[in-house]
Amino acid sequence: MKFRRRTQQEQSTPPLTQPASQPGAYRTGEPIRDTKAPSGPVEDRWDTRRFQAKLVNPANKRKLTVIVVGTGLAGGSAAATLGELGYKVKSFCYQDSPRRAHSIAAQGGINAAKNYRGDGDSVYRLFYDTVKGGDFRARESNVYRLAQVSVNIIDQAVAQGVPFAREYGGLLDTRSFGGAQVSRTFYARGQTGQQLLLGAYQALERQIAAGTVEMHTRHEMLEIVVSGGRARGVVVRDMVTGEIETHLADAVVLATGGYGNVFFLSTNAKGCNTTAIWRAHKKGAYFGNPCFTQIHPTCIPVSGDYQSKLTLMSESLRNDGRVWVPLRKGDDRAPADIPEDERDYYLERIYPAFGNLVPRDIASRAAKNVCDEGRGVGPGGLGVYLDFADAIARLGRDAVEKKYGNLFEMYERITGENPYEVPMRIYPAVHYTMGGLWVDYDLQSTIPGLFVIGEANFSDHGANRLGASALMQGLADGYFVLPTTIGDYLAGAGAFGPVEEDDVAEARTAVQDKIDRLLAVNGTRTADSYHRELGRIMWDYCGMERTEESLRKALERIPELREEFWNNVKVPGDAEGLNQALERAGRVADFFELAELMCVDALHRTESCGGHFRAESQDADGEALRDDENFAYVAAWEWTPDGPVLHKEELDYEYVKMTQRSYK
Amino acid sequence: MNLTLKIWRQSGSSDKGRMVTYRVEDVSPDMSFLEMLDVLNERLILEGDDPVAFDHDCREGICGMCGMVINGVAHGEQRATTTCQLHMRHFEDGAVITIEPWRAAPFPVIKDLVVDRSSFDRIIQAGGFVSVPAGSAPDAHAMPVPKEDADAAFDAATCIGCGACVAACPNGSASLFTAAKITHLGLLPQGQPERDSRARAMVEQMDAEGFGGCTNTGECTAVCPKGIPFDTIAQMNADYLRSASS
C-alpha cells in the first residue's frame, strides 16, 4: 500500500469524547435516502440490481483486498464467499478460532420460504410476515430480497453437510416458530446456529487453506482507517502480544454483531461488544434506530448479583409449553399445588388466536405486566411458568425429550430444577438489537467502502425481529448479497489512490491514547462494576418499557457515570500481552457512549413500535400504538462533536398495507 | 460456601508457571464456575494483583472457548458439561479445588489457563469441509438423506472443538476431534466425493501437529461435553485405511 503525507492544514484531530450538552438534545439534518434499491416491481428489484451492479474482472479480483471483521454467520460466510470469488480477504475475530462467534448459540432454527410443506408459504408470505412482524419499520426492498434469498441458504447449507433434522423419508423437517402460522423453520435439534456456523466456518477454513483468506484470530478491531473519504483499513490489537497493527484494504466489511451487552446482562456472549461499529459511527457511519432492542421472552431468570450473563431457552419451547402465573397476587404455593382454576394462562387468555406463540415483543411485555402486578414467580417475583405438563400428558415424556431434551438438560444444569417435573421459570432478557449501522440496499454504510452485514447493520427486521430470522439474515448477507454488491463498489477501486499516512497515524493514535488513558486512571472500581451499573440503568430506564421520564433520568445518569468511569476505573497490568481486563474496559468505554445515543433515539421516538414500547403511546388494551404519520422513518444518527444529528429515511409501503399489528 | 482454589499461574509462554493458592468466600451454590472465578478476579484487580486469565465467551456450553482441568478432570467431574455450565452446587463447602489449563504439546499455554488451540483449525483446513462454493448448491431436497444417517451425522457434528479430549488423553491425541468431523461428513451423501482424501489429509495433519496416537483408552469420550461417540474413532480409522489402500 502506498502512502501520501497530508499537508498541515488537512490534519484534524477529533475530540475523544462528546462534550456535555442538554440531555437528549439533538439536531435534525437533511433527510437520507437509499439510492441503491431499484424501482419497479418488488420481486424484480434484486435481479435488476444484480444486473446493474458492475462486475470485477476475475483477474483483478486477486489484486483487491477486502477486510472482514467478525466471523459469525455473516462475517464467516462473507469471508469464505469473497475468497471463493478470488478476492484477497483478511478476516479478524477476537476469539481464538473463527468457529466460536456467537451465532453458534442460536438454538431454534432458520426460516426459509421453501414451502416444502405445501402449507401456503411463499416468498411473498415470508416477506409480508417479516415486514408486519417488524412493525413497519423495515424497508420493503430489503425484506423482499431476504425472503427470496432464504431458499438458497437452505440449499447451500445442506450441500455443505449441515445436518438439519430430517423425516423418515429422508426429507427435511420443518417447524412453525415464533409467531408464524406456516411451518418454514428448518432446524438442527436445538443447535441450528452451531451447525450453520460450522458450515460457514468450514467453508472459511477451506479458503484459508487455499490461500485466499488470511485469518487473524485473537485480534480485536479498535479503529477504522478512513482516507480520502473511504474506508481503507482497520487498526487492531493483537490480544496475545498487545501489538497495535494496521491493516489496509480496498473495502472494509463489519460483521461484528449486536450491542445487547450494553445492558450488561443479556443472552449475548461475554465478548460481544459495540466497539467496531461505534468506532465506525464516530468516523462517519450513521447509526440506524439504535433504540430498537429485542427482549426475548424465554430466558432463565437472574439468580443473584454475581450473574454474568443470561441464558436463553429456545422459543420453540412455546410450541408445546404453556405460559402461566398464579391468578392471585402473592400466591407463593408450589406450582403443583395451584389448581387449574387458580392459574392464569395469560397469553392464551389475551391472545386467543396466537396464544403462547405471539411474537417476542408481545410475549415479553405481557410477562413484565403480570410480574408488575405482583403475580411473578421465583426469586424476586421476576419469572413466569412455562409448563410442559400438558405436553407430556399428550405426547408422552419420550416425545417431549426428543424435541427439547437438550434444552431441558441445560435448564436443569443452571437452575438445579427438573423441568419434566416442575414447570420452568422464565423471564425476558435482552437478546438482539435490530438497530445497527445504517446501510443502503447494497449494505454499504454512509462511509463509502464500509459495508456492514448481519446483526451489526440495522436493515431487515424493523422494530422487531421474528424468530429464526437472524440466522437467515446473517447468511443472506454473507453468502449472497454482499459478495454481489461489494463488487459494484470495488469495480471502481482503481481510482481510490493511496491511503494517506496521516489518516493511519490518526487512527493509531486514537487507539493508543485510549489504551494509555484507561491504564493511567488507576482508580478504585473495576470496569465490570461500571458495566453492571450502566446495564442496570439501561434495563430500568431504556428496557422493556420506556417513558419520557425514565429516559431523561437515564440521560442524566449515564454521562455522570461515564465521567466517574474515566476518573475512577482500575485497569490492572499493562498493554503488553494478554490483558483481559484492559479489553473489557475499552469495550465498556464505548458502551457508555452508545447507551446515550440509544436513550436519545428512544426519547425522540415518542411512538411505540415493535420492541420499542413507549408507555405514553398505547391503545386502550395496553398494546403498542404506532404513530405512522410522524415516525414511519428510519432514524439515522450522525455523530458530531456537538451532539447527534438526526437524518430521517422515510419508509414507503407499496405492498404491505400499514396496519396496527394484532395477534388477538 | 468457602473454597480454597489452587490455580495454575503462568505469565507467558517463557514462564515456567506454578500453582498459587487463593481463598474465596461466600460463594453461592447457584453461581457458575466461571462466575466464581469472576468474583475472584474482581477482588484481585482491586487488590492490585493480576487477575487469572481464562478463555470463555458464550457461557452456555456451545462456543467451545472455555475449558480448564478441574481437580484433574477436563471440564470437571460432572459429565457432559463444559466448564461454563458447571455450577458450584456440585462442590462441597470447604473444598479444595485445583484448576489447570489443558496440557498438551500442540496446545501451548499463552497465559494462566489460556492455551493456543489453533492446531484444531489447521486440522479442519486440511479437509474438514465439503467443497461447495456459495451459489452452486442444488435444491436441498434433490438428495434425501435417511433419517438415521442424518441423526448420526448430527451426533458427530455437535463437537464444539474445546479440546477436552486432548487434555484428557494420556497420549495427547486429537483423535476424537478429528474423527467427529470425518464421521459427520462421511455419513452424508454430500461428503462422499471427498471422503477418502478428507480422512487422509486430516489424519496426516493431526500427526503433523504433534498430537499423539489413539490407544483406545476412552478418556476423551468420558470428558467430552457433547458426548461425541467413541466409535467415531473406529470410523476414522476405517476411512483412513480405505484411503491409504485406494
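**A buried helix, an open sheet and the contact between chains A and B**

Helix α3 of chain A is mostly covered, with 13 of its 13 residues buried. The model described here is predicted. Helix α3(A) comprises residues 73–85, and at 1.5 Å a residue its 13 residues should span 18 Å; the C-alpha atoms at its ends lie 18 Å apart, so the expected and computed spans agree. Just after α3(A), the backbone at A:Gly86 adopts a positive phi of about 110°.

Chain A also contains an open sheet of 5 strands, arranged in the order β14-β18-β17-β15-β16, with antiparallel pairing. Strands β14 (293–299) and β16 (343–344) of chain A occupy the edges and have a single partner strand each, so one side of each is left without a neighbour in the sheet. The partner of β14(A) is strand β18 (residues 424–433) of chain A; the two run antiparallel and are joined by 5 bridges. Within this pair of strands, A:Cys299 stands opposite A:Tyr427 of β18(A). Helix α9 of chain A, formed by residues 360–372, lies across four strands of chain A, namely β14, β15 (322–326), β17 (384–387) and β18. The helix runs at about 65° to β14(A).

The contact between the two chains takes 65 residues from chain A and 66 residues from chain B. On the side of chain A that touches chain B, at least two residues are supplied by each of the helices α3, α5 (140–160), α6 (192–210), α11 (397–415), α12 (470–490) and α16 (580–604). Helix α6(A) gives the most to this side, contributing 9 residues. By residue class, the side of chain A that touches chain B consists of 26 nonpolar, 24 polar and 15 charged residues.

Two packed helices are described by the angle between their axes and the distance between the axes. Helix α6(A) packs against helix α2 of chain B (residues 118–127) at an angle of about 85°, and the axes are 8 Å apart. Because angles of 65 to 115 degrees count as roughly perpendicular, α6(A) and α2(B) are therefore roughly perpendicular to each other. From α6(A), the residues A:Gln202, A:Glu205, A:Ile208 and A:Ala209 take part, meeting B:Asp121, B:Ile124 and B:Gln125 of α2(B). The residues of this contact of α6(A) with α2(B) divide into 3 nonpolar, 2 polar and 2 charged. An α-helix has 3.6 residues a turn, so residues three or four places apart point the same way.

Key: Residues numbered from 1 in each chain as written. Chains lettered and ligands numbered in written order. Predicted model: local features only at pLDDT ≥ 70, side-chain atom pairs only at ≥ 80, totals over all residues. Expected span 1.5 Å × (residues − 1). Buried ≥ 20, exposed ≤ 12 C-beta atoms within 10 Å, placed from the backbone. Pairing = 2+ DSSP bridges. Contact = placed C-beta atoms within 7 Å. Axes fitted to C-alpha atoms, helices over the stretch in contact; angles between N-to-C directions. Nonpolar A, V, L, I, M, F, W, Y, C, P; charged D, E, K, R; others polar. Parallel < 35°, antiparallel > 145°, perpendicular 65-115°, else oblique.
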